[in-house]
Amino acid sequence: MASIIKIPIALQRIPSGHTMKKYSGFSLFKHSLSHHENWQAVWRSPQPKKQYDVIIVGGGGHGLATAYYLAKVHGITNVAVLEKGYLGGGNTARNTTIVRSNYLWDEASKLYDHSLDLWKDLSQDLNYNVMFSQRGVLNLGHNLQDMRDIERRVNANRLNGIDGVVLNTAEVKKIVPVINDSQDIRYPVLGASWQATGGVARHDAVAWGFARGADSFGVDLIQQCEVTDIIKEDGAVVGVQTTQGFIGAKKVACVTAGNSGVMAAMVGLRLPIESRPLQALVSEPVKPIIDTVIMSNAVHAYVSQSDKGDLVIGAGTDSYNGYGQRGSFNVVEHTLSAICELFPMLSRVRMNRAWGGVVDTCPDACPILSKTSVKGLYFNCGWGTGGFKATPGSGHVFAHTLAHDEPHPLAAPFSLDRFNTGHLIDEHGAAGVAH
Amino acid sequence: MHHIYCPYCEEMREEEEYSYTGEAHIERPKDPASIADEAWGDYLFFRANPRGIHHEMWYHAAGCRRYFNATRDTHSYQIHETYKMGELPAVTAPTKAALVADKAKATPAKTKAKPKTKAKVTPEEQQGDAS
């Protein structure tokens with residue numbers, strides 16, 4: 001229900017749908033008395049209404065964050081999030097949960113740092129523990145050019161107010177005692193950049209927390225509802241056709257990651273995006289050995305350890321387009337050979353599970369947060385291999401774009417027309433995974 | 001991992017011998033200096049990126065070092081055909097109208113492709129083994 005009178009932010013937590021009961025130590029105690037059988041549902045499962053102010057297509061982290069900030073910051077609550085599967089079941093559940101903001105260019109580093117700022121208070125803001133842990137992120141360098149690039153990037157970060165230091169081999173070894181610091185290996189560790197404020201968060205909790213928050217404002221989260229067509233009249237969006245029938249809205253925002261090209265094709269648009277499977281895998285749980293995040297662009301491996309002890313390992317993208325949510329064996333083999341060289345002690349650790357997510361890679365490794373040539377149709381896509389870290393920031397600035405029909409200042413450089421004007425923001429060096 | 005038939009070598013080879021080089025049949029504008037920024041940007045960056053039948057270029061980097069085209073399903077990963085540069089695909093995606101009709105019936109879009117004519121392989125061999 002759209003509010004006509006401007007309500008102070010503090011009072012906007014009064015939900016229009018149902019009353020969200022806050023989680024607290026006391027509520028945990030209270031529910032323990034009834035064997036935890038009477039907890040309130042985390043969100044409602046409403047039937048779709050005929051008409052909304054805004055429809056968000058895609059119930060992943062970014063879509064749910066957009067809905068949450070649209071309601072919380074802009075007071076627009078007559079919103080539906082349409083999800084073809086289940087909430088947070090796509091790339092939100094498939095990434096390696098790394099959060100950092102040490103990007104090279106001003107535009108990108110400001111956007112990602114805005115997101116990092118939101119991460120810091122997110123658990124309190126959502127009243128949901130997203131387990132954000134600022135355990136630091138290392139980006140390794142393996143040759144002279146890597147180290148020069150790292151120095152350039154760290155200097156650029158510091159000028160933008162983002163913490164960062166350049167470490168040598170001994171300093172890396174001090175942070176990660178299990179790393180192979182031999183200078184006789186094929187790709188020796190010569191040093192690293194270190195962002196102490198980076199870290200990891202619990203990916204599922206991020207989706208669930210934003211979902212619960214959005215729902216408490218009256219946003220309808222509609223699962224098992226696939227959008228099959230976007231309907232427009234006179235060049236403007238009027239709604240979407242779904243597997244649950246037609247749903248009307250003057251504003252439709254596609255936050256569909258790897259499927260963005262499919263959404264764009266519904267209105268005859270092309271995007272500068274290619275969808276590729278990106279893989280990750282986790283090992284059996286082992287005792288704590290790695291208490292930070294280690295990434296290497298050059299040998300293409302990154303690893304952290306989850307709270308239950310699994311080593312969370314990120315592999316690369318397949319070289320070709322694919323919507324299969326699975327990747328090639330040769331990509332996994334490549335990554336694990338790099339992991340084994342960097343951490344010889346892990347050579348006999350068994351991998352428990354491997355999976356793939358379909359990522360929307362952009363030519364400049366930067367996202368698209370943009371209006372389109374179709375009135376009322378917006379895209380938030382192109383996050384490629386590194387969208388998780390941006391979840392709160394992406395939702396926050398994109399909600400502004402939707403509410404005002406004008407991009408948020410931080411989102412303005414990420415418009416679709418940069419591919420025609422040539423104002424690309426080349427973040428291949430800092431994006432982590434080669435596109 | 002895919003096994004891909006190179007139309008020049010006339011043999012099935014493993015995926016790692018090849019490099020993927022993107023969407024096929026994109027023609028470079030004849031006179032780049034005279035066209036608008038929009039058209040040039042479209043040529044450089046904008047892609048169809050379909051979920052389904054896709055015509056794409058591959059480069060046989062560790063073989064004959066020649067470019068060729070393939071028609072591949074980006075969802076099932078089945079390679080329907082490979083063909084030489086300058087040739088046209090035998091297998092094409094259903095039109096949007098047909099797709100919309102399919103979707104309206106709430107049935108999964110099926111490929112109405114004819115059997116391939118050019119690749120000389122059995123269906124078992126074509127199946128990308130990427131699971």
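## A strand pair in chain B

B:R72 sits opposite B:I79, the latter in β6(B). That pairing belongs to a ladder of five bridges between strand β5 (residues 67–73) of chain B and β6(B), with the two running antiparallel. Keep in mind that we're looking at a predicted model here.

Zooming out, β5 and β6 are part of an open sheet of four strands in chain B, ordered β3-β4-β5-β6 and paired antiparallel. The edge positions go to β3 (19–23) and β6 (79–84) of chain B; each has a single partner strand, so one side of each has no neighbour in the sheet. From one strand to the next, the twist averages 30°.

## The sheet in chain A

Chain A has an open sheet of eight strands, and this time the pairing is mixed. Reading across, the order is β5-β6-β4-β13-β14-β15-β12-β16. At the edges stand β5 (165–168) and β16 (351–361) of chain A, each with a single partner strand, so one side of each goes without a neighbour in the sheet. Ignoring direction, neighbouring strands are turned by 25° against each other on average.

What joins β12(A) to β16(A)? Ten bridges do, with the strands paired in the antiparallel sense. Within the pair, A:V282 stands opposite A:R353 in β16(A). There's also a helix to place: α9(A) lies across β4 (137–141), β12, β14 (301–305), β15 (311–317) and β16 of chain A. Relative to β15(A), α9(A) runs at about 130°.

## A hairpin in chain A

Then there's the hairpin of β9(A) and β10(A), with two residues between the strands. Here A:D234 takes a positive phi near 50°. Six bridges hook β9(A) up with strand β10 (residues 236–242) of chain A, and the strands run antiparallel. A:E233 stands opposite A:A236 in β10(A).

## Where the chains meet

Now for the interface. Chain A puts 33 residues into the contact and chain B puts in 29 residues. About 2,800 Å² is buried between chain A and chain B, with carbon and sulfur atoms giving 49% of that. On the chain A side, A:R270, A:Y320 and A:Y323 lose the most area to chain B, together 25% of what that side buries.

As for polar interactions, eleven residue pairs are in polar contact across the interface of chain A and chain B, both residues being at pLDDT 80 or more. Which elements give two or more residues to the side of chain A that touches chain B? They are β9 (227–233), α8 (260–266), β12 (274–283), α9 (329–342) and α11 (418–421) of chain A. So strand β9(A) from the hairpin turns up here, along with β12(A) and α9(A) from the sheet section. Sorted by type, the residues of that chain A side come out as 14 nonpolar, 13 polar and six charged.

## The salt bridge across the interface

Side chains of opposite charge can pair when their charged atoms come close. The structure holds 17 salt bridges over all chains. Why does the pair of B:E23 and A:R270 join two chains? B:E23 lies in strand β3 of chain B, while A:R270 lies in the loop between α8 and β12 of chain A, so the pair spans both.

Between chain A and chain B the count is one salt bridge. In the bridge of B:E23 with A:R270, the closest N and O atoms are 3.6 Å apart. Two threads meet in this pair: A:R270 is among the chain A residues that lose the most area to chain B, and β3 of chain B, home to B:E23, is one of the edge strands of its sheet.

Conventions. Residues numbered from 1 in each chain as written. Chains lettered and ligands numbered in written order. Predicted model: local features only at pLDDT ≥ 70, side-chain atom pairs only at ≥ 80, totals over all residues. Heavy atoms only, no water. Contact = heavy atoms within 4.5 Å. Buried area = accessible area lost by both parts, 1.4 Å probe. Salt bridge = Lys/Arg side-chain N within 4 Å of Asp/Glu carboxyl O. Polar contact = N/O pair within 3.5 Å; in protein donor to acceptor, adjacent residues only side chain to side chain. Nonpolar A, V, L, I, M, F, W, Y, C, P; charged D, E, K, R; others polar. Pairing = 2+ DSSP bridges. Axes fitted to C-alpha atoms, helices over the stretch in contact; angles between N-to-C directions.
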